[in-house]
Amino acid sequence: MTRLISMRIKRLHFVLLFGLVFLLWNFITYYTITAKPRLLAADKEKDLTGKLLALEKEMGKQLEENKKLLENLKHLKEKRAKRQETLVTENPDPLAAKPEVHIPKGDKEGILPVLMIACDRVTVKRALDKLLEFRPSASKFPIIVSQDCGHVQTAEVIQSYVKSHNITHIKQPDLRDITLGTPQKKFVGYYKIARHYKWALDQIFVTFNFSAVIIVEDDLDVSPDFYEYFSATYPILERDPLLWCVSAWNDNGKDGMVSQEADLLYRTDFFPGLGWMIERKLWMELRPKWPDTFWDDWMRHPEQRKGRECIRPEICRTSTFGKKGVSKGLYFDKHLKFIKLNTEFVPFTKMDLSYLDKANYDELFIKKVYSAPQLTEGQVKLGDRAADTVVRVEYRDKSSFKTLAKQLGIMDDFKAGVPRAAYRGVVSFMFKNRRIYLAPPQDWKGYDTSWS
């Protein structure tokens with residue numbers, strides 16, 4: 001009995017021990033499973049904190065380095081500015097100097113300023129010498145040279161005339177490059193010219209408030225009666241609403257293609273340029289829509305011309321010596337160097353120029369043209385009817401005009417449908433010492449803008 005009780009007690013102890021071990025194992029297992037994520041999270045938090053502290057330390061170090069770099073840059077900038085100031089003091093740039101202005105004050109009535117457009121030609125000296133040689137009055141014809149390009153040598157030449165001859169030298173301030181894509185980038189020079197013209201004409205009409213201006217470029221010679229010509233035609237320009245310019249240029253003015261009639265003037269539908277005069281009211285009309293490039297061709301469009309005309313001479317009052325330019329000299333060699341410059345003084349201001357008034361001019365001009373005997377181009381070249389000193393050759397379309405123009409030696413191109421130097425479609429020139437009118441039929445209906 002005692003043995004049986006002892007055995008049961010041992011079995012109970014075993015069961016209790018087994019239960020205790022089982023419970024301990026389950027507790028250890030549970031603790032291990034639940035405690036591991038907390039340990040991992042704690043380790044991760046500790047690692048992240050360490051990284052943030054390292055990053056903060058690195059950023060602080062970088063800020064210190066940036067601060068030192070900024071201080072060095074500031075020091076270099078101050079040093080460079082001081083050095084530049086020293087260079088300017090020792091070697092002053094003539095373009096940076098404030099120009100001496102020799103513009104008449106007060107009432108500008110009757111004053112015709114001459115605006116010279118200049119860039120980088122040191123031969124501007126030749127153009128200025130001619131303008132000064134024939135100028136009858138410094139007060140009536142102040143000379144203003146507007147320079148683009150920032151070319152120092154050209155600026156020095158112009159500056160040499162400022163004090164000695166009381167001319168005014170102004171500088172176009174916008175010298176930025178103009179970025180163009182292919183193939184337009186080859187025309188960048190024309191873009192800069194248009195930009196310069198707008199700025200310079202604003203100076204004349206907005207800043208200086210002149211009523212009119214004579215515009216030349218830095219590669220033009222002028223005739224002895226250059227100022228006389230513009231003085232006499234200015235009143236006609238003022239009073240005639242159908243005139244918008246006076247030009248010193250004849251596109252077909254080559255030697256042998258003009259008569260000896262130095263006093264002969266015309267009306268023309270073609271804008272000639274190359275020494276021309278306009279009024280302030282025209283500039284105020286054009287300036288809001290001034291083009292980015294090819295300003296002279298733009299002037300010839302019907303939208304600008306609006307049926308208005310210019311006065312031009314038989315013999316040019318300007319000629320160009322400027323082979324260097326944006327056209328690379330090609331046009332100069334083929335045409336411009338053959339233009340005849342008038343050499344005699346014509347007293348235009350003492351002459352009756354009323355024949356140029358629209359009411360008088362058209363009737364007389366049409367009568368002269370269409371009363372002339374009509375010949376073919378072949379007859380003209382052979383010298384048929386030599387007794388007729390004035391004859392007419394007729395064209396009927398664009399193709400026939402170009403063929404006849406080439407055969408007779410005049411310019412054969414069109415701008416907005418208008419032949420060079422034409423009036424009412426008629427081009428007047430000399431061929432073998434007689435007057436030729438290359439003319440459309442008498443029932444001419446107007447210019448065709450597709451002829452371009």
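**Surface, helix α4 and aromatic pairs in a predicted model**

The accessible surface of the chain amounts to about 25,700 Å², and carbon and sulfur atoms account for 58% of that area. The model is a predicted one, and the values that follow are computed from it. Of the chain's 452 residues, 43% count as buried. The secondary structure consists of 12 helices and 15 strands. Contacts reach well along the sequence: when pairs at least 6 apart in sequence are considered, 77% of the contacts join residues at least 24 apart.

Helix α4 makes a convenient place to look more closely. This helix covers residues 188–207, and its 20 residues should span 28 Å at 1.5 Å a residue; the end C-alpha atoms lie 27 Å apart, in agreement with that expectation. The buried residues of α4 include Tyr191, Ala194, Arg195, His196 and Tyr197. Further along the helix, Trp199, Ala200, Leu201, Asp202, Gln203, Ile204 and Phe205 are also among the buried residues. Just after α4, Asn209 adopts a positive phi of about 60°.

Within this helix, Ile204 is worth a visit of its own. Ile204 has a relative accessible area of 0%, and because this falls under the 20% cut-off, the residue counts as buried. Apart from neighbours within four places in sequence, Ile204 is in contact with Leu115, Ile144, Asn209, Phe210 and Val213. Asn209, one of these partners, is the residue with the positive phi just after the helix. The C-alpha atom of Ile204 is also separated by 8.7 Å from that of Arg280, a residue 76 places away along the chain.

Attention now turns to the aromatic rings. A pair of such rings is described by the distance of the centres and the angle of the planes. Counting ring centres within 6.5 Å as paired, the model holds 25 aromatic pairs. Trp290 and Trp298 form one of them, with centres 5.4 Å apart and 70° between the planes; the pair is edge-to-face because that angle is over 60 degrees. Both partners are buried: Trp290 has a relative accessible area of 9%, and Trp298 one of 12%.

This pair belongs to a wider group, since ring pairs link Tyr197, Trp244, Phe271, Trp276, Trp283, Trp290, Trp295 and Trp298 into a cluster. Tyr197 ties the two parts of this account together, being listed among the buried residues of α4 and among the members of the cluster. Elsewhere, a charge meets an aromatic ring: the charged end of Arg312 sits over the ring of Tyr266, 4.1 Å from the ring centre.

Definitions and conventions: Residues numbered from 1 in each chain as written. Predicted model: local features only at pLDDT ≥ 70, side-chain atom pairs only at ≥ 80, totals over all residues. Heavy atoms only, no water. Phe/Tyr/Trp six-rings, centres within 6.5 Å; stacked < 30°, edge-to-face > 60°. Buried < 20%, exposed > 50% of the residue type's maximum accessible area, 1.4 Å probe, protein only. Lys NZ or Arg CZ within 6 Å of the ring centre and 35° of its normal. Helix = DSSP H or I, 4+ residues; strand = E, 2+ residues; numbered from the N terminus. Contact = heavy atoms within 4.5 Å. Areas by Shrake-Rupley, 256 points an atom, 1.4 Å probe, with all protein chains shown as cover. Expected span 1.5 Å × (residues − 1).
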